[in-house]
Structures are given as structure tokens and as C-alpha cells.
Amino acid sequence: MIRISARIANSLWLPALLMLLWLVVSAHSSSIYFPPLTNILSQFRKDWIFANIGKDVVPSVRNLLLGFILASISGVVLGLVIGLLPTLGKAVSPVIHFLRAIPPPILLPLAAVLLGLGTSMKVVMIAFGGVWPTLISTIDATLSVDPVVLDTARAYHIPLWTRLRRIVLPQASPRIAAGLRTSLQLCIFMVVVSEMFASKGGLGFFVLDAEQTFAIKQLWSGILMLGLLGIVANSAFSFFESRILRWYFMSQNK
Amino acid sequence: MTSTYIKKRIRATTSFAGIVIALLVWVIAEDARLLPRSEFPSLSSTASAFLAQFQSASFVSALAATLSTWAVGLAVALAISLLIGSFLGSSARAFRSSWLIVEFLKPIPPVALIPLALLLYGTSFWMPTGLIIFGTVWPLLVHVIAGIRGVDPVALDSSRAYRLTRRHTLRYLILPSVLPSLMTGLRIAGSLGLAIAVTAELIGGSTGLGNFVALDESASKYAPMYAVIIFTGLIGIAINSLFKFLSRKIVPWHHERFGASL
């Protein structure tokens with residue numbers, strides 16, 4: 001009991017101290033750009049409980065979920081196909097290499113020309129920006145599945161679907177999960193950028209609009225909300241990962 | 001020996017065939033008028049726009065702006081993360097009291113700070129550079145800390161027992177553990193930094209390739225827009241290859257798995 005509370009105190013004292021420092025130092029701040037923390041927090045309450053939730057948070061979260069799901073499914077499926085067909089992999093590798101090297105935000109003007117400015121363009125761009133880590137780690141993980149096991153399964157005429165489900169996916173899943181985690185970060189990045197580029201709603205629009213109308217307190221409350229979104233999305237991912245890959249983490253700790 | 005050579009040749013030929021097929025698809029789609037011509041410029045007009053860019057002074061200055069903010073931002077982030085990371089990595093107590101802060105700040109999307117950076121720095125050099133520093137410092141910091149904490153504690157104790165000088169401990173014990181991890185962090189930070197630079201230019205409007213593409217789009221100049229996008233992809237590849245090359249030179253014993261197939 002004492003040891004646990006000591007550990008909690010150990011990891012909490014510095015964050016708490018910094019928050020307190022922010023509170024005290026900013027209390028009488030007259031700088032336009034750095035308003036007192038108390039003002040930011042009361043603005044945060046005004047903006048997000050629950051006035052602008054429907055207008056700005058819901059579209060961002062929905063686009064993030066849709067884009068991330070699209071990126072995950074296409075990354076894993078394409079990755080499995082490419083990983084199981086090495087010749088195809090060699091043929092498409094320069095194209096993949098090139099596409100993932102393009103910083104995705106620079107494609108937004110192009111996507112606007114081709115797909116318009118609606119939600120579907122945003123979701124496609126979020127998925128396009130986030131798909132590469134999942135795709136590449138799925139290819140890598142599939143290529144490194146024990147070939148003897150795969151050959152044996154083929155010799156026993158175990159059908160392809162069962163081979164995928166029972167041999168490839170379990171061996172590849174820890175690394176696919178690592179790729180998905182990076183993909184999630186990139187998807188959040190793209191959610192914000194896509195809402196800043198010629199958009200009329202969402203958290204990215206909210207902070208950019210606050211800057212353009214010189215509403216500094218809203219700007220800070222929007223940044224806080226975006227930070228919160230990033231933290232919640234990451235924690236949710238860790239939660240599901242630890243559930244689904246429990247067998248793997250337990251085998252690592254042995 | 002010979003067989004690996006042949007394998008390499010086959011691999012190169014297959015990859016080359018992939019590029020040729022991708023370009024052929026472009027030409028055929030354009031010939032069959034599958035795509036609206038105005039929004040999908042032909043391969044030849046894109047290629048000539050590509051070559052024309054190098055004669056345009058505004059393109060060259062945009063390129064120089066993007067590359068210089070990228071390099072300065074990355075260098076500052078590297079210096080910060082080496083300084084803070086070596087402190088946090090070498091003391092268990094410092095690590096415990098600070099990891100929560102790192103975990104809290106790391107997931108904040110750096111692009112969320114574009115409006116704040118615009119307020120503070122306008123469209124000057126430090127707007128994109130400051131964002132690059134804030135965004136790339138986390139992957140670098142995490143990898144520096146992981147590298148230092150990965151030093152074998154038994155070896156560290158032995159080095160102390162044998163009274164190795166600090167310089168020798170650093171040279172033969174700490175660096176071999178930190179460098180591979182640091183090189184991985186640098187590769188991640190390198191492409192992230194380029195993405196942040198381009199975004200800051202696209203949204204914030206400071207000089208650079210991102211802004212260049214946005215201007216071409218609003219002027220409906222699609223061939224140069226495609227050309228600059230393709231060029232930016234080539235910069236991305238060059239940055240990746242640069243870090244791969246450095247990694248092979250600096251840490252030849254470290255075999256990086258990630259992306260090894262591509």
C-alpha cells in the first residue's frame with residue numbers, strides 16, 4: 001500500500017508542480033498570447049461543456065474513426081496480400097516507397113480538386129496519410145512468418161483462410177499492432193490538418209478560426225481539447241491492444 | 001555469392017518493371033480519356049513542368065526555405081533531446097517523475113499548434129521551425145531515453161568496478177547502445193519534420209513547397225502542382241535514404257527490421 005502510493009507520488013509530483021507553476025506564473029499575466037490558466041479553463045468549460053461538442057468535436061472524432069478504420073483495413077489486407085506474394089511485393093515496392101515518402105498534407109490541394117471539400121475527401125486523406133506504417137509492418141510481419149510452418153501447412157492441404165487465421169495473423173499481430181499505433185498518430189495529424197484546409201467545422205477549424213479572429217482564450221481551449229483527443233485516442237488504443245494481445249504480452253513477461 | 005548477385009538483379013528488374021507499369025497506366029488512362037484532362041495533366045506536360053520548375057526563382061527559394069527550416073528544426077530538436085534525454089535516461093528517479101509529462105505532451109498533434117505559432121511568429125522562419133522542433137523532439141527524446149536505459153546494467157557496474165574513465169564508458173558502453181536507437185528516432189523525426197514543414201507552409205502561408213502547391217491549386221495550374229508534389233515525394237525518399245545510409249555507416253552492427261522489406 002505504502003509502496004504503491006509512493007510510486008504514484010513519484011510520478012505525479014513533477015506534473016503537479018508544473019501545473020501549479022503555470023497557474024501561479026500566469027495568474028497575473030497581462031500578455032495577450034498567454035492568458036491566465038484560470039481564464040483558459042473557464043473558457044474550456046464554456047466551449048466544451050457542451051456548447052460546441054456537436055459542431056466541432058463530433059465531426060473530428062467521426063472522421064478520425066472512419067479514416068483510421070479505412071487505413072487499418074486497407075493496410076492489413078494489402079499488407080497480407082503483398083507479404084504472401086513476394087514477387088508482387090518487389091514490383092510494387094518502389095511505388096509504395098514513393099507514395100509514403102510524400103508528406104500527406106501536400107496532397108490536400110490535389111484531393112480538393114479531385115474529391116471536393118466534403119467529408120469523404122477528409123476521410124480518404126486521413127486514411128491515405130495513416131495507412132503506411134500499418135501496411136509496411138504488416139508486409140514485414142507476414143514475410144517473417146516461419147516459412148517451415150507455412151510450407152508444412154500447405155503440404156497438409158490446410159485451406160488458405162485457415163492458414164491466414166491460425167498461422168499468419170497470430171504470428172504477425174504484435175507487429176501489426178505496432179504499425180497500427182503509429183498509423184493512429186498520423187491519422188490524428190491528418191484530422192487536424194484536413195480541418196484547417198478550406199474547412200468549416202471540426203477542432204482544427206476551431207483553433208485556426210480562433211487565431212484568425214484573435215480569440216486567444218478559445219485558441220488555448222481548442223489546443224487543450226486537441227491534446228485531450230490525442231491522449232484519449234492513444235489510451236483507448238492501448239486498452240484494446242492489451243486486451244487483444246494479452247497472450248503475447250504474457251508470453252513476453254515469462 | 002553469385003546467387004545473391006542474381007537475386008539482387010531479379011529484385012531490381014522487378015522493381016523497375018513496377019515503376020514502368022505505373023507510368024504506363026498513367027499514359028494509357030490519359031490516352032483513353034478515362035480521366036478529365038484538365039484535372040489530370042498528361043505525363044509529358046507534368047514532366048516538362050517538372051523540368052521548368054528548376055528555372056523558376058520562386059520554386060528554388062521555396063525549396064530552400066523548406067529544406068532550411070527542416071534542417072534547423074531537426075538539429076535543434078536533436079540537441080534538446082540529447083541534453084534532456086541523457087539526464088532523464090541516466091537517473092531512474094528523474095525518469096519516473098517525468099515520464100507522465102512526456103506521455104501527456106507526446107500525443108498532442110504538433111499541427112494543433114500552427115495557429116499559436118502563427119500568432120507568435122507570423123509567417124517568419126521560426127513559425128515552421130518552432131513547430132518542427134516541438135513535433136520531432138518527442139520521437140527523438142523517447143529513443144534517446146530508451147537507448148540509455150538499454151545499457152546493460154551489469155556491464156555498467158563492471159565498468160565502474162574496473163574504474164573505466166568516463167570517456168571510455170561513454171565511448172565503449174553508452175554510445176553503442178544509444179546510437180542504434182537514436183538513428184531509428186532520427187529517421188522517424190526526419191519524415192515527420194518534412195510533413196510538419198509542408199503543413200505549416202500550406203496552412204500558415206510561409207514560403208515553402210507546401211505554400212507553392214497551394215498557390216498553384218488556387219490558380220488552377222495543375223501540371224506544376226503535380227510536378228511539385230512529385231518532387232516533394234522525391235525529397236522524402238532522399239531524406240529516408242540519407243538516414244538509411246548514415247545508419248549503415250554509423251551503426252553497421254545494427255540491423256533495422258522496420259521497413260526492411262521495402
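Helix packing and the largest pocket

In this predicted model, helices α8(A) and α9(A) are oblique to each other, because an angle that is neither under 35 degrees, nor over 145, nor from 65 to 115 counts as oblique. The axes of α8, residues 160-196 of chain A, and α9, residues 203-212 of chain A, cross at roughly 55° and come within 7 Å. The crossing in which α8(A) passes α9(A) is right-handed. On the α8(A) side the contact is made by A:Val192, A:Glu195 and A:Met196, and on the α9(A) side by A:Leu203, A:Gly204, A:Phe205, A:Val207 and A:Leu208. By class, the residues of this contact are six nonpolar, one polar and one charged.

A second helix pair is found in chain B. The axes of α8(B) and α10(B) lie 10 Å apart, and the two helices pack at an angle of about 165°. An angle over 145 degrees counts as roughly antiparallel, and α8(B) and α10(B) are therefore roughly antiparallel to each other. Here too the handedness can be stated: α8(B) passes α10(B) in a right-handed crossing. From α8(B), the contact takes in B:Leu179, B:Met183, B:Leu186, B:Arg187, B:Gly190, B:Leu194 and B:Val198. Facing them from α10(B) are contact residues including B:Thr232, B:Ile235, B:Gly236, B:Ile239, B:Asn240 and B:Phe243. Further along α10(B), the contact also includes B:Lys244, B:Leu246, B:Ser247 and B:Ile250. The contact of α8(B) with α10(B) has 10 nonpolar residues, along with five polar and two charged ones.

Some of these helices also take part in the largest pocket, which holds about 1600 Å³ of space. Its lining is made of 49 residues, and those closest to the centre of the pocket are A:Pro133, A:Arg181, A:Thr182, A:Gln185 and B:Ile188. Both chains contribute helices to the lining. In chain A, α4 (86-101), α6 (119-143), α8 and α10 (216-244) each supply at least two residues. In chain B, α4 (92-105), α6 (126-149), α8 (166-204) and α10 (222-250) likewise each supply at least two. The helix that gives the most to the lining is α8(A), with nine residues. By class, the lining of the largest pocket has 26 nonpolar, 14 polar and nine charged residues.

Helix α8(A) thus appears in two settings: α8(A) makes a contact with α9(A), and α8(A) also lines the largest pocket.

Methods. Residues numbered from 1 in each chain as written. Chains lettered and ligands numbered in written order. Predicted model: local features only at pLDDT ≥ 70, side-chain atom pairs only at ≥ 80, totals over all residues. Heavy atoms only, no water. Axes fitted to C-alpha atoms, helices over the stretch in contact; angles between N-to-C directions. Helix = DSSP H or I, 4+ residues; strand = E, 2+ residues; numbered from the N terminus. Left-handed = near helix turned anticlockwise from the far one by under 90°. Contact = heavy atoms within 4.5 Å. Nonpolar A, V, L, I, M, F, W, Y, C, P; charged D, E, K, R; others polar. 1 Å grid on protein atoms, 1.4 Å probe; cavity = no way out; pocket = protein on both sides within 12 Å on 5 of 7 lines; lining within 4 Å. Points joined across faces, edges and corners; volume = space filled by probe spheres on them.
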